[in-house]
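Load the model in your viewer and set it to a cartoon view. The tour below goes from one selection to the next.

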Amino acid sequence: MRIPARRPAREHGGTRATVPGSEGITAMDTRPNIVLVHGAWADGSCWSGVIERLQAGGYHVTAPQFPMTALADDVARLRQVLDLQDGPTVVAGHSYGGQIMTALGADAPNAAGLVYIAAFGLDQGESLGALLSQGPTPPALAHLFTDKQGFGWIPEDDYVHHFAADVDPVRAKVMHAVQQALAGSTFTDVMGVPAWKSLPSWYLVATEDQAIPPDAERLFASRMGATTIEVPSSHVAMVSHPAEVTQLITSAAEACAATAA
C-alpha cells in the first residue's frame, strides 16, 4: 500500500499559506521537497543539523536510510522515496550518496535538481574503483577493511582523525559507531547515463577532504557545470558546516522553484 508523504495542506506541489495582511486569501508555496542521501560509512542522522535548518525554513525534508548492499538496491530505495514525494524535489547527496543519485539516470521521479556535498559525480562508463585507483589512497580509506560478507568498514582511528577530522571527537566516535558498511561490489559498478546530464546541479567542494581528493571534487563540479562553492571542511561537511550546506541546498531549491514558476 502506498503511503502518502507527510505534508499537511500540500496541494499540487505547494503549501497553502495565508498572505500577510489578507484574511481568507491563500497563496501557493512552491518550495520543492528536499530528499537527503547519506553516503557510505554514515547514516541518515548525519544530516541532522541540515534537517533542522531546512525544516525551520519551511521545507519538507526526507532523509531515508540506505542499505548499502548494492548500488542497484540503493538506487531502488531512492526511487521509492522520490515516488512518495508530492511534487518537484531537490536531491542532495553526500559522498557515495552522489553515486546513488547520479545513477538515477534521466528518468528520476519528481527530481528537479541535484546537490552534491563532497560527493562522487561520475560520468558514463566510470566506476568508483577505477577513479580511486588513479592516485594515492585517501587517508580516510588507508585502512579500510573488508568483512567475510564483502562489506568495507573504516576503523575508528581513521574515522575520527581523517574521515570526520573537523568534527568533535566525541561526536565522530558516535558517527563511527553507526556507520553503514559499503558492499565491495559498488566499487566495480560502471555508471550509466548520469542524472546530472539532464538536471541542474550544485556542488560543495570540501577543501580539507581526506576521503575524496578536493581536486577530484572540483573536476566533478566542473564537468557537470555545477554551481559551486568551496568550504574549508573535512569530508563530512553536512556535520561540521551545516549552515553552509543548508544555504547551498536552499539556493538550489529557490532556483528550481523559480524555473518551475
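Start by selecting residues 111–117, which form strand 7; strand 7 is joined to strand 11 by 4 bridges, and the two run parallel. Keep in mind throughout that this is a predicted model. Within this pairing, show the side chains of tyrosine 116 and tyrosine 203: tyrosine 116 stands opposite tyrosine 203 in strand 11.

Next, select residues 201–206, the whole of strand 11. Is this strand mostly covered or mostly exposed? It is mostly covered, with 6 of its 6 residues buried. Colour the two faces separately: Ser201, Tyr203 and Val205 lie on one side, while Trp202, Leu204 and Ala206 lie on the other. Both faces are covered.

Now add residues 227–231, which make up strand 12. Strand 11 is joined to strand 12 by 5 bridges, and these two strands run parallel. Here valine 205 stands opposite glutamate 230 in strand 12.

Then move to the helices. Select helix 1, residues 48–56, together with helix 9, residues 242–260. Their axes are 9 Å apart, and the helices pack at an angle of about 50 degrees. An angle of that value falls outside the parallel, antiparallel and perpendicular ranges, so helix 1 is oblique to helix 9. The crossing of the two helices is right-handed.

Finally, show side chains at the contact. Helix 1 contributes Gly49, Val50, Arg53 and Leu54; helix 9 contributes Pro242, Ala243, Val245, Thr246, Ile249 and Thr250. Coloured by class, the contact of helix 1 with helix 9 has 6 nonpolar, 3 polar and 1 charged residues.

Definitions and conventions:
Residues numbered from 1 in each chain as written. Predicted model: local features only at pLDDT ≥ 70, side-chain atom pairs only at ≥ 80, totals over all residues. Heavy atoms only, no water. Axes fitted to C-alpha atoms, helices over the stretch in contact; angles between N-to-C directions. Parallel < 35°, antiparallel > 145°, perpendicular 65-115°, else oblique. Left-handed = near helix turned anticlockwise from the far one by under 90°. Contact = heavy atoms within 4.5 Å. Nonpolar A, V, L, I, M, F, W, Y, C, P; charged D, E, K, R; others polar. Buried < 20%, exposed > 50% of the residue type's maximum accessible area, 1.4 Å probe, protein only. Pairing = 2+ DSSP bridges.
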